[in-house]
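Q: Hey, can you walk me through a structure? I'd like to hear about empty spaces and helix packing.

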Amino acid sequence: MGKLIRGWIFTLLFLVLFVITVSHMQWWRFFLSNVFPGQKELVYPRADLSLLVGEHLVLVLFSAGAAVVCGVALGIFVTRQAGRAFLDIVSDMSSLSQTIPPVAVLALAVPVAGFGVKPTFIALFLYSILPVVRNTITGLESVGQEVKQAARGMGMTRMQTLLHVEVPLAVPVIMAGIRIAVVINIGTATLGAVVGAGGLGTPIVAGLVRENPAFVLEGALAAGLLALLADRILAQLEKSLFKNYAR
Amino acid sequence: MIRLERVSKYYGENPAVKNLSFTVQGGEVCVLIGPSGCGKSTTLKLINRLLSADSGEIFINNKNINAFKPELLRREIGYVIQSIGLFPHMTVAENIATVPRLLSWDRAGISHRVDELLELIGLDRRVYRDKFPGELSGGEAQRIGVARALAADPPLLLMDEPFGAVDPLTREVLQQEFLNIQQELKKTVIFVTHDLNEAIRLADRIIIMRGGEIIQNDTPERVLSRPKNRFVRDFVGTDRVLKRLSRIPVATYMLEARAIAIDAKTNRMRSGRQAENRHFFWVTAADKRLLGWVDKHDLEAQSPVKQAMTRIDPKTDALNQHATLREALAHILSQNVRTIAVVDDKCRLVGEIGLSQIEKATEEVRENG
């Protein structure tokens, strides 16, 4: 119990520190002027970092949220009797599409969805649904046959077996998939700036265009910190919501 | 209580169970045994409808099991499988409460029932309620499995090699506990095992199966004395007489123990010393607790009994009254003695048994063959 509370305090501290850091631009100027002495423009001038973080978060939350809901549902479906036939196809597809670079997906999505948030959302969704589906399948498949049989033998319906036995036992693996998806998503979302979706990719793209490494570092550092923070929060959520049993 | 009529189950072309018919009476322990793949586990799963029969009918209390929804049927039937069947993410209490929760009992009722069952299987509720299965020993996990099956007090219990995953020593303890619990609860039990000794010890009726068919359906005594054919004869092995000894409790053949009791304060003999033709006596405390034995000559030499006697530990060197003649024989042979003391659960001397009594038993067994 004490360990859990300590974990939360640490996570909250991290969160507060992050918020303070992105809202104090003078700190960034000070830091970047030391890294890149002689650089005139140190931070991206057209938007505050806090605004960029906000845009980034909206992109990530919606695309990752949709990916988690669809990915878990798909993973559950293909491990049921009714969906067994699709299991191989879905797991192959999920492995295969992981090999396509997200920039390619983005490029393909633009003709369909135009510029802006929409193609970015589609690319992020497609890219982050994969680890969720794969880990959901792996997690559910790794639940022992004896345990499932015991549940059925005790008189649980299929739905009760799924909700009370299979999902709780698969949660550690599923959560690992979600964490991977979110972290990848936060990194990949920076590409959205290329097609005008905003977010932390904006200073990176601007920095590349104007050959200003300070802008690039600003966006990359903020995105990196955001990914760490998100991973930390998800890990802490998992620990709090699901019992830690001896495995 | 339960009746199978010409039940068959095929996996593709191959019959797992073929034309199976048998009846189990209420309160009876029926053991299904046979080599692996003989259809014994399949039979259990057909009864609780984890599998459905291709032909034939199964009745519980004269009602066809297909008349119930499978889930509702299963909540009325206790089901025990090897310890791995416990839910690893639930505590012991939650595991035991599985079926009562499915039946929507109220919380207080469930909690009370969990405590009751933990007591029944002899585990301290304060220690075990909140443990997870991963923290239990094999024997403890098996006991919890049995408790979980008994939780909603089902009249019928299906046990699929419930003691298969524990070491032989623990298995014997669990078997004895099972017999004690069964004596109290009088459930109808269908028990699957591949261990013949277990079958002989626990069964009221043994059904020997091969290739999905019943080869012999009989009492353990008759299976041992009148094996129906070569297969059964080979299956029960050449030590049939020895196996039959494990059906007979020592209490049936033990003799009254010749004992002298000593006073705790004076260390002097309080009673006993029959002028009899034997060369030693058991020594007990005033409350009949077994302390040791003393040689007749040493006793006559008038020395204090406590100095003259040889101490024995009733827990290891004496036999519990619930033990079988087979265990008695094993004790006598391994300790190289002619007679061994029989004590009750509180280590009080209740009798003695020797090689001659065991010989007498085997002769009677052979004659009644």
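**Cavities and a helix pair**

A: Sure, starting with the largest cavity: in chain B, α7 (138–150) and α8 (168–185) each supply at least two residues of its lining. Keep in mind that this is a predicted model.

Q: Which helix gives the largest share of that lining?
A: That's α8(B), with 4 residues.

Q: And how much space lies in the largest cavity?
A: About 70 Å³. The whole structure has 5 cavities of 30 Å³ or more.

Q: What classes of residue line the largest one?
A: The lining has 7 nonpolar, 1 polar and 2 charged residues. Among them are R143(B), M159(B), F163(B) and E177(B).

Q: What about the second largest cavity, how much space is in there?
A: About 60 Å³. Its lining includes L150(B), L157(B), Q182(B) and K187(B). Again, α7 and α8 of chain B are the elements that give two or more residues, and α8(B) gives the most, with 4.

Q: Which residues turn up in the linings of those two cavities?
A: V146(B), F178(B) and I181(B) are listed for the largest cavity, and V146(B), F178(B) and I181(B) are also listed for the second largest.

Q: Switching to chain A: at what angle do α9 and α10 cross?
A: Helix α9(A) (201–209) and helix α10(A) (213–241) cross at roughly 160 degrees, and their axes come within 7 Å. Since that angle is over 145, α9(A) is roughly antiparallel to α10(A).

Q: Which residues make the contact?
A: From α9(A), they include P203(A), I204(A) and L208(A), and from α10(A), F215(A), V216(A) and E218(A). By class, the contact has 7 nonpolar, 2 polar and 1 charged.

Definitions and conventions. Residues numbered from 1 in each chain as written. Chains lettered and ligands numbered in written order. Predicted model: local features only at pLDDT ≥ 70, side-chain atom pairs only at ≥ 80, totals over all residues. Heavy atoms only, no water. Axes fitted to C-alpha atoms, helices over the stretch in contact; angles between N-to-C directions. Parallel < 35°, antiparallel > 145°, perpendicular 65-115°, else oblique. Contact = heavy atoms within 4.5 Å. Nonpolar A, V, L, I, M, F, W, Y, C, P; charged D, E, K, R; others polar. 1 Å grid on protein atoms, 1.4 Å probe; cavity = no way out; pocket = protein on both sides within 12 Å on 5 of 7 lines; lining within 4 Å. Points joined across faces, edges and corners; volume = space filled by probe spheres on them.
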